[in-house]
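Reader: Before accepting the terms used for this model, I would like to see each of them set against its criterion. Could you take me through them one at a time?

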Amino acid sequence: MDVETHAEDPYPDVTAAGGLVAALRQTAEARGRDIGLSPYVTEAVGMESRRGYLSVDTASGERLFRLRTSIPDFGWHIGGTDDLETLVDAIAAWREGVPLDALKARFDFLDLDEFTGALASGEPTSSQWAHLLSSEYYRPQRNLLRRLHADEVLRTAFPTMTHRAVRLQVDPMDYTSRQALVEETDEGRYSTVTVGAPGATWTEVPDEQLIAYLRTALHENRLQCEKRR
């Protein structure tokens with residue numbers, strides 16, 4: 001890249017295309033890559049993948065396309081490059097599920113240490129549990145949250161709240177991974193559903209069977225996630 005040529009505008013290709021999204025889309029089409037940009041979006045955020053949502057922004061005063069992966073409330077910067085074609089290739093490979101070590105070997109601009117370190121240490125799952133368990137807003141669900149968190153298997157699932165129900169997701173980075181909703185309908189009575197399962201309906205589960213039932217609901221897809229990794 002000729003720095004002097006682009007001293008005033010480090011992104012002449014982006015400017016010529018009419019903006020970052022247009023430049024990404026045009027580059028992806030020219031290279032035959034699928035980067036998950038809808039034809040209707042106007043910002044380069046929220047490109048879906050099974051390792052979170054990808055987003056791109058640009059640095060000011062220098063040519064640098066910065067790549068980030070995130071889920072709601074959690075995010076990691078995973079590298080930056082001045083080459084738009086390389087960036088597009090990396091996004092496509094990420095979305096295709098190329099293993100992280102292979103991605104790093106192929107794209108040396110990627111810096112995955114913070115991201116992989118967080119996952120290895122149980123993040124963002126442990127932070128999310130801590131937030132929900134300490135939140136005054138979710139005090140009505142605190143007993144249920146504590147009970148689920150006390151189980152060594154269930155506390156490895158990523159928890160969120162959907163209205164009054166606790167949502168447990170096997171893999172926080174994979175929106176397609178197995179999920180189950182559970183709510184306490186009355187004291188000592190629970191109702192649960194496996195999200196996305198064919199014919200799934202809310203099922204009342206006796207108190208003494210709750211943990212075993214949820215373990216079974218999430219276990220099958222847990223094995224599938226481990227095989228994909």
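Reader: What makes the reach of helix H3 close to the expected one?

Author: In this predicted model, helix H3 covers residues 84-95 and spans 17 Å from its first C-alpha to its last, whereas 16 Å is expected for its twelve residues at 1.5 Å a residue. The expected span is 1.5 Å times one less than the number of residues, so the 17 Å reach is set against 16 Å and is called close.

Reader: Why is H3 called mostly covered?

Author: A residue counts as buried when its relative accessible area is under 20%, and nine of the twelve residues of H3 are buried, so the helix is described as mostly covered. Among the buried residues are Leu84, Leu87, Ile91 and Trp94.

Reader: How do you know that Asp83 makes a polar contact at the start of H3?

Author: A side-chain oxygen of Asp83 comes to within 3.0 Å of the backbone nitrogen of Glu85, and the limit for such a pair of N or O atoms is 3.5 Å, so the pair counts as a polar contact.

Reader: Why do S1 and S4 count as edge strands?

Author: The open sheet has four strands in the order S1-S2-S3-S4, paired antiparallel. Strand S1 (47-49) and strand S4 (74-81) each have a single partner strand, so one side of each lacks a neighbour in the sheet. From one strand to the next, the twist averages 30°.

Reader: What makes S1 and S2 a pair?

Author: Pairing requires at least two bridges, and three join S1 to strand S2 (residues 52-58), so the two antiparallel strands qualify.

How values were computed. Residues numbered from 1 in each chain as written. Predicted model: local features only at pLDDT ≥ 70, side-chain atom pairs only at ≥ 80, totals over all residues. Heavy atoms only, no water. Axes fitted to C-alpha atoms, helices over the stretch in contact; angles between N-to-C directions. Buried < 20%, exposed > 50% of the residue type's maximum accessible area, 1.4 Å probe, protein only. Polar contact = N/O pair within 3.5 Å; in protein donor to acceptor, adjacent residues only side chain to side chain.
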